[in-house]
Amino acid sequence: MKALYIASTGMGAQERNVEVISNNIANMRTTGYKRQRAEFQDLLYSQITRAGSQTSDQGTMVPAGLEIGSGVRTVATPRIMSQGSVNMTEGELDVAIRGEGFFMVQLPDGRTAYTRDGSFERDAEGTLVTSNGYTIDPGISIPGDARGVSISPDGTVEAFVGTDTIPTQIGQLQLARFVNKSGLESMGDNLFLETAASGAAQVGVPNANGTGDLLQGYLEMANVNSVTEIADLIAAQRAYEMNARVISGADEMMRATSQLS
């Protein structure tokens, strides 16, 4: 009986849906995290009677066909790249992006990754790095005797060096934009990689050419809404249970048929 296999695809799809939702909930407090959504498509259909097929010599035809579907499949888990809430941290090197754009990160293997996580630190040489020690691109080195580091909305990094009474510009943060942000590849550690689907990175200074501006002393939180996720979780659970009941009902029908025969 095909109903068994059709319902099993529904259970598999909702299981994947629950996995996506659980990952969203697990990352509710992850800086710069962007929630995912599972998307589904129906599978191939068996054409028993095709719509429009002729039923008589006089040209009458079937107004609606007879089609039996074969289930559902998960086709994508795109990220929703909406702005997350911005929380004050008072960290001197904490930076939030308000609007479009990603910080650029230089990976140890030479690749460039992209992130919305602006929780930066200084390494032993004073270089601005991520929490994993990856260098921010372009590289910014903060002198050891620098004080009062400030990061302006346009990404200009200034500080009072030594006994200077006038701040010195020590670097310039840049942001990258993408035509299709959902096409970025997630690699963990709050990092994304460019793909053919995302398009090439369009690099520029913050607060110009459509890129967002920066807020020093703030961090962007995850764009996960707990109420929405719980509601989606309940709906996925109910759909899973209904498919399980279909399997149970189809099994009882098969058992009754075998007993009659």
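Which residues does N87 touch, not counting residues up to four places away in sequence? The views below begin with that residue. The model is predicted: local features need pLDDT of at least 70, side-chain atom pairs count only at pLDDT 80 or more, and totals for chains, interfaces and linings use all residues. Residues are numbered from 1 along each chain as its sequence is written, and side-chain values use heavy atoms, with hydrogens and water left out.

**View 1. Surroundings of N87 in strand 5.** N87 touches G217, Y218, L219 and M221, leaving aside residues up to four places away in sequence; contact here means heavy atoms within 4.5 Å. Strand 5 covers residues 86–88. Helices (H or I, at least four residues) and strands (E, at least two) are DSSP runs, numbered from the N terminus. N87 is partly exposed because its relative accessible area is 30%; buried means under 20%, exposed over 50%, and partly exposed in between, with a 1.4 Å probe and protein chains only. Between the C-alpha atoms of N87 and D232 there are 26 Å, and the two residues are 145 residues apart along the chain.

**View 2. The largest nonpolar core.** A nonpolar core is a set of buried Ala, Val, Leu, Ile, Met, Phe, Trp, Tyr and Cys residues joined through side-chain atoms within 4.5 Å. This one has 23 residues, and F103, F120, L128, I142, V157, L173 and L214 have the most contacts inside it. At least two of its residues come from each of strand 6 (95–98), strand 7 (102–106), strand 12 (146–151), strand 13 (156–161) and strand 17 (191–193). Strand 12 gives the most, with 3 residues. In soluble globular proteins, nonpolar side chains tend to be buried together.

**View 3. L128 and its contacts.** Not counting residues up to four places away in sequence, L128 touches L93, F120, E121, Y134, T135, I136, I140, I142 and L173. A second, separate core has 8 residues, including M81, F102, A176 and L184.

**View 4. A salt bridge within helix 1, between R16 and E19.** A salt bridge is a side-chain nitrogen of Lys or Arg within 4 Å of a carboxyl oxygen of Asp or Glu. The whole structure holds 9 of them. In this pair, the N to O distance is 3.2 Å. Both residues lie in helix 1 (residues 2–26), 3 residues apart, which is about one turn of the helix. R16 counts as partly exposed because its relative accessibility is 45%, and E19 counts as partly exposed at 41%.

**View 5. The salt bridge of E220 and K34.** Here the N to O distance is 2.5 Å. The pair links distant parts of the chain, 186 residues apart: E220 is in strand 20 (residues 218–220), while K34 is in the loop between helix 1 and strand 1 (39–42). Both E220 and K34 are buried. A network of salt bridges links K34, R116 and E220.

**View 6. The salt bridge of R37 and E39.** The side chains of R37 and E39 meet at 2.5 Å, N to O. R37 counts as partly exposed at 38% relative accessibility. E39 is also partly exposed, with a relative accessible area of 29%.
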